[in-house]
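Me: I would like to go through the strand pairing and helix packing of one model. Please show it before we start.

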Amino acid sequence: MRPSSQILEKNDLPELLAPAGSPEAFRAAVAAGADAVYLSGKKFGARKYAPNFTDTEISEAVRYAHCRDVRVYVTINTLIHDTELEGIAEYLIWLWSVGVDAVLVQDTGIAALAREIVPLLPLHASTQLTIHNTDGVRWAAEQGFSRVVLARELTLEEITRIAQETGESGIGLEVFAHGALCYCYSGQCLLSSVIGGRSGNRGMCAQPCRKPYTMITADSDDYGRPTGISELLSAEHYLLSPKDLCTYENLPKLVNSPVVSLKIEGRMKSPEYVSIVVSTYRKSLDAIAAGRPYKSPESLQDLCLAFNRGLTAGYLFGKRGTDLMGRDAPDHRGTCIGVVNRYDEKSKTARISSRKKQIPCAGDGLLFTHPKNPRHGFGFSLNAVPVQKDGEIAIKVPHPVEPGTMVFITSSAAFEIRARQIIAHPAPGLRHPVPVDVHVRIDSEGKPKLDVLVHSRICGEIRFTYHPDINLVPARSRPLTHEQIELHLKKTGDTPFTIRNFTLAYDGGLFIPIARLNRMRREFLGLAEEMMVARSRPPQKSVEQSLQRWNKLKSHGVPCCPGTGSSVASSVPVLGVYADSPEGVQGAVQGGCDSIYFEPVFTSSDRKCRIISGFPSVESQIIAASAMCREAGIRFILKFPRITRNNYLEGILPVLAKGDLDIAGFMVENYGSAHALLRIHPKAALFGSIGLNIFNHEAVCHLFSLFVSLTLSPELSHDEIGLLIRTARSQGCSTLFAIIGQGNSEAMVSEDCVLQPWFDGNRKNGDPDNCRFFGIRDTTGHIFPVRIDGECRSHIYNSSEICLINHLPSLMQIGVSEVIIDARGRTGLYASDMTCIYKDAITLVKNGIKTNDQRFSALKDAVKLRAIGGITSGHYIRGLKE
């Protein structure tokens, strides 16, 4: 917690971290008062559709920022292919050499590589790492991260507790404070990937969450497939579209929290957006520090005009349901100025009762939309000043409008002018200039000497002495006074500095032209800039050592191009099954699987879920499932879910600590779960699932001492999997490799319960039934299955099932040791039949039968008969779009 005194120093405030998707937005962020800016190069960032920065632009940005006491963080927050590792390594060394203050990382392999070759380069764990529990933060600290960008889904109370429990690590916690929200936990979203091959994990999200969907329900057949589909009616169609986060009104709580950095989202936004949003938060934070009122209606209006889909304080402040989701529309809404009272057909004029004092001006953009039909609104640019009379605004409109239609200003000419003024001429209150102390001594011969002390927030104190190559001469008539010298040497103008303390030792009687005095000032301030830039860069020796480390790694055979690495010994893969019910376990056991990965239903006391109810305790579920496996001689692995917040871990770890359960190992989908398990079972056999996002051999080699087996990312192709496994084996990694070969891929996991609008107080839809099928249908007719877990999270699955049955021989050849059927949420019959089908296919592979044999075709047809929405090979053949 920060000091509770009414007046705070600036260093007591959390860092204000601004986005920059272009050099113009970067300048806007600095001008608006950001303490730090995050940006991306042309590659490896999570916003490939932003302009981003060339290497030259990054170098210039770092220089510009550092001499203004602003930090620069560069994002490498995507998953990286093996073929890109050489480029990444050289990029990391280069970023270190130009003085970048930190790198944001998603890929654990890249984090490991960075620690090895540039150990002094600070690493921040990106929100793409999905860190959402105490053990996840502890893990990050142990991996060398200095900061964690926490999942947006955590509440401030949870974050405060995490900070208390990880305080000894010294790691900083960063949260998003403003901007767009993802529907899914960041780093776990595959929806754009499965729909169109554009992966958010590669910076190419096509934002399908902002598209319209229709909720459907149906009965389930013996395989869990929908029959008798019907729509659940709603006036809202953007079921996955959250409002935009805005913590402006809650800033005092954030200032008094242990959070070290407040992040503004928006690398796809304009420089004008950046300038207004950053300056608004800057002014408010400074007001809080000074004990002044920090908010105003005008500032909130500016935030609305900048961009908003409706504003929410977010999960951070406990908002859910309609307080969080903007399911009526996914677009910019601007600020509402009133409601249409009546429409005059003859004059084509709408009479609007104004809710606010804000009156639209010529050049403003207006939006007219009716609450009952928000999808059919219209907008236009106002080309005349509206008429005001009797508390109404009269505006000519291009289409008839109904009474009750809401009117919004979506763009404002005055707003744009203010934004550009901030960029061009930042107000003194926004910019925090670097304090400089100057002591000037002019000796009897007229030689000046300046002792300068720069008080840099990020570089510390910088002392230097400057000897100008000028001499003052005896004055003939008008000698320079103390006041004149001080006046001209203290003028800092548009420089990053302010002269805080100035002393002058001067006996008087001397003269120098004012122009030369001004030149002396420019020179010593320029030297101060150079000293700050030089101080913020690593010594050349450190850069050379990083290059030597990388060259040594390459000389030892670390691969940099496809085809490197020895061939691998192939063996027929074993068959594993994910199950989340006793029926699913029983079916897989009857089908003859080799391993069961059982994910019990966990119901939270914090969030009562009407859809998931009546389940026995987690311990009872584990005992029953493990008994079935023990009797059949099948390996039983307890699987943790994708999201394991502290309340989940506190519920299940005491059960596991008893030590009397028949469990062969544990499968995890996040690093916090792994860390928590190893605390109570240091020798536990760990299995990694796809939530870990294993994408390259560096990640494998970093983890292989902890994990018996790692399930590779479903976004990898055959060739990419093969290269990864060959390379890992050549580096001595003995970890086994698994892939998910059958089932509907989990495309999203969200804290929002997407079914809530239909079953939260809406009795006409009846009570939800966890045996029924639910799904969302897109405009092309594809249905994406939806399941709600015991903590009321939504899990959304691909509209068709991954099926790699006819690729089993190639999987065997490239070294995959286990193929997994994901039967969660499906029936026992589905688990039984699919297991039998794949066991038959594995037998064919053992016997050397080629996939063009009709027996393979018959097995594939059998899969199709039991699948939801057909089958697909996913990215296995072609890989992702790049």
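The turns below cover sheets, then helix pairs.

Me: What kind of model is this, and which residues count towards local features?
Reply: Residues are numbered from 1 along each chain as its sequence is written, and side-chain values use heavy atoms, with hydrogens and water left out. The model is predicted: totals for chains, interfaces and linings use all residues, side-chain atom pairs count only at pLDDT 80 or more, and local features need pLDDT of at least 70.

Me: In the open sheet of seven strands, what is the strand order?
Reply: Strands here are DSSP runs (E, at least two residues; helices are H or I, at least four), numbered from the N terminus. Two strands pair if DSSP finds at least two bridges between them. The pairing in this sheet is antiparallel, and the order is β16-β15-β19-β13-β14-β18-β17.

Me: Why is one side of β16 and of β17 left without a neighbour in that sheet?
Reply: β16 (373–381) and β17 (387–389) stand at the edges of the sheet. One side of each is free because each has a single partner strand.

Me: Which residue in β19 stands opposite T335?
Reply: Strand β13 (residues 335–344) runs antiparallel to strand β19 (residues 406–411), and four bridges join them. Opposite T335 in β19 stands I409.

Me: Which strands stand at the edges of the open sheet of four strands?
Reply: This sheet has mixed pairing and the order β22-β21-β20-β24. A single partner strand is available to each edge strand, so one side of each has no neighbour in the sheet; the edge strands are β22 (460–466) and β24 (497–505).

Me: What is the bridge partner of H439 in β21?
Reply: Strand β20 (residues 434–442) and strand β21 (residues 448–456) run antiparallel and are joined by seven bridges. In β21, H439 has as its bridge partner D451.

Me: Which strands of the sheet does helix α13 touch?
Reply: Helix α12 (residues 482–489) packs on the sheet, touching β20 and β24, where contact means heavy atoms within 4.5 Å. Helix α13 (residues 514–535) also packs on this sheet, and its direction makes about 140 degrees with that of β22. Angles run from 0 to 180 degrees between N-to-C directions, and axes are lines fitted to C-alpha atoms, for helices over the stretch in contact. The strands touched by α13 are β20, β21, β22 and β24.

Me: Is strand β3 largely enclosed or largely open?
Reply: Strand β2 (residues 36–39) pairs with β3 in the parallel sense over four bridges, and A36 stands opposite R71 in β3. Five of the six residues of β3 (residues 71–76) are buried (under 20% relative accessible area, with over 50% exposed and partly exposed in between; 1.4 Å probe, protein chains only). The strand is therefore largely enclosed by the rest of the structure.

Me: How do α15 and α23 run, roughly parallel or roughly antiparallel?
Reply: The axes of helix α15 (residues 582–591) and helix α23 (residues 828–846) come within 7 Å and cross at roughly 25 degrees. Angles under 35 degrees count as roughly parallel, over 145 as roughly antiparallel, 65 to 115 as roughly perpendicular and the rest as oblique. The two helices are therefore roughly parallel.

Me: Which residues in α14 meet α3?
Reply: Helix α3 (residues 85–98) and helix α14 (residues 540–555) have axes that come within 9 Å and cross at roughly 170 degrees, so α3 is roughly antiparallel to α14. From α3, the contact takes in L85, E86, A89, E90, I93, W96 and S97. Their counterparts in α14 are S542, V543, S546, L547, W550 and K554.
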